[in-house]
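Open the model in your viewer and keep the selection panel at hand. This tour goes from stop to stop, saying what to select and what is there.

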Amino acid sequence: MRFVAGRSRRFCRWHPFVLAVVFSLLSALAHATSDYYRHIVFDNSLTSDFYFYSGGNASGQSFLEQQDYRLPVETKIFLTPPNAIRLQWQSAPGGGWVAQIKTADLRNRLPGLSGQNLYFWIFAPQAIAAADLPKIVLSNAREGLQVAEFPGSFSGPLDLGKYTGDVPGGRWVQVRIPLSDCRTASIYPFRPEYVQNVIFHQGRADGVRHTLIVDEIRVDDDPAAAAALPAPANVRATGYDHHIEIEWDEVEHPALVRYVIYRSLDGSQFSPAGIQLAGVHRYEDFLGKADARAQYKVAASDWRYQQPVFSNVASASTRELTDEELLTMLQKACFHYYWEGADPHSGMARENIPGDDRVVATGASGFGIMALVVGVDRGFITREQGVQRLTKIVDFLEHAQRYHGAWSHYMDGNTGQTMPVFGMFDNGGDLVETSFLVQGLLAARQYFRGPTENEQALYRRITQLWNTVEWDWYRETATSNFLYWHWSPQWAWQIHHPLIGFNEVMITYLLGIASPTHGVAADMYYSGWAGQSQTAIGYRQGWSGSTDGNHYGNGHTYYGIKLDVGVGTGGPLFFTHYSFMGFDPHSLHDRFTKSYFDNNRNIALINHAYSVANPKHFAGYGPNAWGLTASDGPEGYVPHAPDDQSDRGTLTPTGALASFPYTPEFSMAAFKHYYRDFGGQMWDVYGPRDAFNQKANWVSPIYMGLNQAPIVVMIENYRTGLVWKNFMSNPEIGEMLKKLDAATEKK
């Protein structure tokens, strides 16, 4: 296995290395989104030309409409706005065709669909006889029918016409297929709850071109009796630069599945523009230009798509925003991930949305705490609301499982128990995630230091959490040169992953040296983090595949930019973000560089210059499109970086946008490009989506807790230095820098 620097899947994938008045909203969100994705296979495509999570091919004289072996998206006829999938075929004797629609690849998606029936809607522009409809097969493997490896299995073919009869032209028909009708055609039993692929294929070879529009594929039980859903109340609209935000009050009804948003551009004719899931009460309508006016009304919907009952009409206009207004808009949108999208019981940040809503992430929650500070200071929420939320988080952390003071990487937001997402060894303390959390807590400790008893209590309680992290325990032995990432009471030091720089974990050594109760010697900065041992040299060279910087210091020039510290061309950009959201890099120098701010800026400049040069000729790269850093991509999680092995054509907006302190002009150009040119696909309720790959026509279906907060916090550090100032005002940090200076002066 080749190890490379990673982030949230470190040791198991790539690495050897986020108010009482909203509590009801959060509670609804917690259950509604998880439940929705226990049923849905397809509702919409984020791209408007073809659906990424699909596949198709034809053989012989048969025909299937496809683009790049994927199924086209229909944008004029749909049930769940704004699009559906178009299935157009012609079945010829001796030929064949197959069209696959897969479940979206969501990180930590709860396994298994819930229900006894497969439902989907079809629309035929021209009538189709039952005998001329395709056959349908279900598969438990994303590869469809080609896999016979346990537990992959697939059903025998079913005649679609058996369940629909003759399909009339010009109207929607709902298909219901009992999953009990599906019998295995594989060498293994077929488990319908684990369906990942709905496959249509050639039926009767009638030689005629047919078209079906397919929408809302789901697995569910028979719905309860129809019940009238009330109209959402208090619909309001706010115009921004190129989009309008629509908000409304929650509809409380057990049959509620989604809201449907209707738009009018002329004040009279309203058309469906999009949907929003139950539990979320905002919708971002991207109009694509300034000085556009639109009117909106919203309807609550169940699975039956009954006649809607409309809300009041709200209207707004877009207008060109100043750069400062754009930055505030961006920060506020990303902040919502940690406010509206937080776990309702603990207040902690979810690993990703949508995903498994049980899973809260320790490091992402630390980042979210720093975003909370920004949210209060910017007036997105009140100071009282911020104190209430931070108190909830501290309550949770005081009772959550700890391992010599360290929290695990992931916890259950309801119980605080460790969730070993990465496997059986991942059932203990994670010192790096803990350091990200503590960085956020210490920044908040200084910000919420007002005279009220609630804020004074927070100061004392955060201090106690900080003082009880046993950094020295994670040294393993008193003579070890390194801190280690993990420890488990069951597996002890089995993972045995030493922390060696340069990467994202500098903050772990800085906090370990700063600890007033369980500190480590400042000399460990040079023996461990910047170590020169064969272990350290091999570690750096192993994940990077480069000898540049394998001794920590680099000294090479890339694209005319000299890099003092860093491996290869510097690595993914999160190296310059995670340790420096609270810790101000202006304050740090060592034997290898005079300024970590300048060094981080050079890493960002190299990343930008690489994207402009675009040596692998990926679509979409350029002066305004850059930001290679770790995220999911079409191939799964990759620590994207400006080098041959780690550049896969995927750009992650947080890379450029969290680099505002280092490259403000390049970062602003990237934001305007991502927002104004790609906002229709990329902009949603939590700001820019996690990543996109223009060559693959892929847009991430998720947001990640590690990626939205760095945008909020680092932009604020660029604008006012707020989080840097508060974190650096902790007296323990000042003492740590003195110790480090003394260690630096040693020969």
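**Stop 1: an enclosed strand.** Select residues 172-178, which form strand E10. Of its 7 residues, 5 are buried, so the rest of the structure largely encloses this strand. Keep in mind that the model is predicted. Now add residues 117-123, strand E7. E7 and E10 run antiparallel and are paired over 7 bridges. For one register point, pick Phe123: its bridge partner in E10 is Trp172.

**Stop 2: the core around Leu118.** Select Leu118. Which residues does Leu118 touch, beyond those up to four places away in sequence? The list is Ile136, Leu138, Val175, Arg176, Ile177, Leu179, Val198, Ile217, Arg218 and Val219. Leu118 also belongs to the largest nonpolar core, a set of 201 residues. Leu118 is one of those with the most contacts inside that core, together with Phe120, Leu397, Met506, Tyr525 and Phe583. Another core lies apart from it, with 18 residues. Select Leu256, Ile261, Ala278 and Ala294 to see some of its members.

**Stop 3: an open sheet.** Show strands E2, E6, E11, E8 and E9. These 5 strands make an open sheet in the order E2-E6-E11-E8-E9, with antiparallel pairing. Which strands stand at the edges? They are E2 (54-59) and E9 (158-159). Each has a single partner strand, so one side of each has no neighbour in the sheet. Next, zoom in on E6 (residues 96-102) and E11 (residues 197-201), which are antiparallel and joined by 5 bridges. Label Lys102 here: opposite it, in E11, stands Asn197.

**Stop 4: a buried valine.** Move to residues 293-301, strand E18, and pick Val298. Its relative accessible area is 0%, so Val298 is buried. What surrounds Val298, leaving aside neighbours within four places in sequence? Its contacts are Pro232, Val235, Ile246, Trp248, Tyr259, Val260, Ile261, Val309, Phe310 and Ser311. Then draw a distance from Val298 to Tyr262. Their C-alpha atoms are 6.0 Å apart, although 36 residues separate the two along the chain.

**Stop 5: a histidine in a loop.** Select His497, in the loop between strand E24 (486-487) and helix H9 (506-514). Is His497 buried or exposed? Its relative accessibility is 2%, so His497 counts as buried. Show the side chain of Tyr539 as well: a polar contact of 2.9 Å joins it to the side chain of His497.

**Stop 6: salt bridges.** The model has 36 salt bridges. Begin with Asp220 and Arg218, whose side chains meet at 2.8 Å, N to O. Both residues are buried. Add Glu216 and Arg258 to the selection: with Arg218 and Asp220, they are linked in a network of salt bridges.

Go next to Arg70 and Asp68. Their salt bridge has an N to O distance of 3.8 Å. Arg70 has a relative accessible area of 19%, under the 20% cut-off, so it counts as buried.

Finish with Arg719 and Glu324, a salt bridge of 2.8 Å, N to O. This pair links distant parts of the chain, 395 residues apart. Arg719 sits in helix H15 (residues 705-719), and Glu324 in helix H4 (residues 323-339). Colour the two by accessibility. Arg719, at 19%, counts as buried, whereas Glu324, at 44%, counts as partly exposed.

Technical notes:
Residues numbered from 1 in each chain as written. Predicted model: local features only at pLDDT ≥ 70, side-chain atom pairs only at ≥ 80, totals over all residues. Heavy atoms only, no water. Pairing = 2+ DSSP bridges. Helix = DSSP H or I, 4+ residues; strand = E, 2+ residues; numbered from the N terminus. Buried < 20%, exposed > 50% of the residue type's maximum accessible area, 1.4 Å probe, protein only. Contact = heavy atoms within 4.5 Å. Polar contact = N/O pair within 3.5 Å; in protein donor to acceptor, adjacent residues only side chain to side chain. Core = buried A, V, L, I, M, F, W, Y, C linked by side-chain atoms within 4.5 Å. Salt bridge = Lys/Arg side-chain N within 4 Å of Asp/Glu carboxyl O.
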